[in-house]
Amino acid sequence: MATEDPQAQYFENNPAPKQLRKHEALVREFIEYHISTNPETRIVLVTSGGTTVPLENQTVRFIDNFSAGTRGATSAEYFVRAGYAVIFLHREYSLLPYSRHYSHSTNCFLDFMEGSAGGDVVVRQEYQMKMKQVLEEYQYAKKNRLLLMLPYVTVNEYLFELRSLATLLQPVGSRALFYLAAAVSDFFIPRDRMEEHKIQSSTVENGKKTGNGTQLVINLDPVPKFLSTLVHSWASRESMIVSFKLETDPNLLVSKAEQALHKYGHDLVIGNLLTTRKWEVVFVRTGEERWVRVPKAKRSRSVSGIEELVGRADKKKDAAKKDEVDLSGGEVREGMEIESLIVPELAALHEQRIRDSAAKA
Ligand code: 9Z3
């Protein structure tokens, strides 16, 4: 029977991703393993990276967004450090925990290696300490099965995966934490309006004629407000749900975060601005607005490409330090990661939440 509920309609009218059953089996196994090994285990679902909106079913073109998955991948590492088992639902080929330190573009892994006198390939002396630490943390997470990686590509895949994961996490109750850092598209093309084959510029219909040809006009539908359904129906009432709010206008950030909190009724919204997201975020909870900032002296280069205002003398002093990474020809200071502040704060709030929940029971 057809349903009126837009959320339910969405899942009836759009196809489940091919990998969903396999992912569900992996998650079930992961949760059972952790609950049976330690019933006190806390499990966090970290979502990370952008979502694509395909324009064609056999996809050649798609709409995407800026997110590289830095927030999610970095946070996942700090969650492991804080004792969590992590389900990492991420955009395929976006940054991953641990390997993010040595990606193919920024911090290209090849620049960290050299040939030794004996003809072996070795890690350059100046990077030994850092790489050893990353490697040990990676091996610890792997050995203890603390990280389950699940990739998605499209916004549709993301929504199906999120629904399944939330349902599977229900038995974890208050020990489950949702950390929704993925940059999810607000618009999509429903399956019944999607072109099967590559859109041909010569056969575009309904577009306005211009001097150069015909415009391609695309109508996108709003993605259903999944956060509301996650909070009120997919996830256990006991679990803690944290969403991120991204804005570009500083004057809107806090009010938009407050709006989201009231609208969806979850635990916390972490607001961030596109240009400052690497060193400041705002925690918005009922009756509370609290900024979390990396101290100025500990900030690294800005993500927007705008060099942060660190004095030249300051830079020279820093360049002498051991943890300096300079592969780009410029001076790049490895600063404090804001996730090292966000995650412990959240772990403490979650701890409190678990205690409150136990006291109520
Ligand atoms: C965020 O705000 C993340 O912090 C970023 C991280 C996407 C800015 P990067 O991957 O960036 O480190 O480059 N994520 C949430 C964005 C979002 O789509 N939120 C929805 C909204 O604002 C609610 S779930 O409406």
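## Terms and model

Helices, of at least four residues, and strands, of at least two, are DSSP runs numbered from the N terminus. The structure described here is a predicted model.

## Thr41 in its loop

With these terms, Thr41 can be placed in the loop between helix 2 (20–37) and strand 1 (42–48). Its relative accessible area is 11%. A residue counts as buried when this value is under 20%, and Thr41 is therefore buried.

The side chain of Thr41 also has polar partners in the backbone. A polar atom of this side chain lies 3.1 Å from the backbone oxygen of His34. The backbone oxygen of Asn38 lies 2.4 Å from a polar atom of the Thr41 side chain.

## The ligand and its surroundings

The ligand takes up the space of the second largest pocket. Helix 3 (70–81) and strand 13 (240–247) are the elements that give two or more residues to the shell around the ligand. Of the elements, strand 13 gives the most, with three residues. In total, 15 residues surround the ligand, and the closest are Ser67, Gly69, Arg71, Lys245 and Asn272.

Both side-chain and backbone atoms of the protein lie at short listed distances from polar atoms of the ligand. In the side chain of Asn272, an N or O atom is 2.6 Å from an oxygen atom of the ligand. For Ala181, a backbone N or O atom lies 2.9 Å from a ligand nitrogen atom. For Val184, a backbone N or O atom lies 3.2 Å from a ligand oxygen atom. On its own, the ligand has 600 Å² of accessible area, and the protein covers 90% of this.

## Helix 5

Helix 5 covers residues 155–168, which makes 14 residues. At 1.5 Å a residue, helix 5 should span 20 Å, and its end C-alpha atoms are indeed 20 Å apart, so the two values agree.

Helix 5 is mostly covered, since twelve of its 14 residues are buried. Among them are Val155, Tyr158, Leu159, Phe160, Leu162, Leu165 and Leu168, together with Asn156, Glu157 and Glu161.

## Helix 9

Helix 9 runs through residues 339–360 and has 22 residues. Its expected span at 1.5 Å a residue is 32 Å; the end C-alpha atoms are 31 Å apart, which agrees.

The buried residues of helix 9 include Glu339, Ile342, Val343, Leu346, Leu349, His350, Arg353, Ile354 and Ser357. An α-helix has 3.6 residues a turn, so residues three or four places apart point the same way.

Conventions:
Residues are numbered from 1 along each chain as its sequence is written. This is a predicted model: local features need pLDDT of at least 70, side-chain atom pairs count only at pLDDT 80 or more; totals for chains, interfaces and linings use all residues. Side-chain values use heavy atoms; hydrogens and water are left out. The expected span of a helix is 1.5 Å times one less than its number of residues. Buried means under 20% relative accessible area, exposed over 50%, partly exposed in between (1.4 Å probe, protein chains only). A residue is near a molecule or strand if one of its heavy atoms lies within 4 Å of it. A polar contact is a pair of N or O atoms within 3.5 Å; within protein, one must be able to donate a hydrogen and the other to accept it, and residues adjacent in sequence count only if both atoms are side-chain atoms. Accessible areas come from the Shrake-Rupley method with a 1.4 Å probe; for residues, only the protein chains shown count as cover. On a 1 Å grid over the protein atoms alone, a cavity is a set of points where a 1.4 Å probe fits but cannot get out, and a pocket is an open set with protein on both sides within 12 Å along at least five of seven lines; lining residues have an atom within 4 Å of a point. A molecule sits in a cavity or pocket if more than half of its atoms lie within 2 Å of its grid points.
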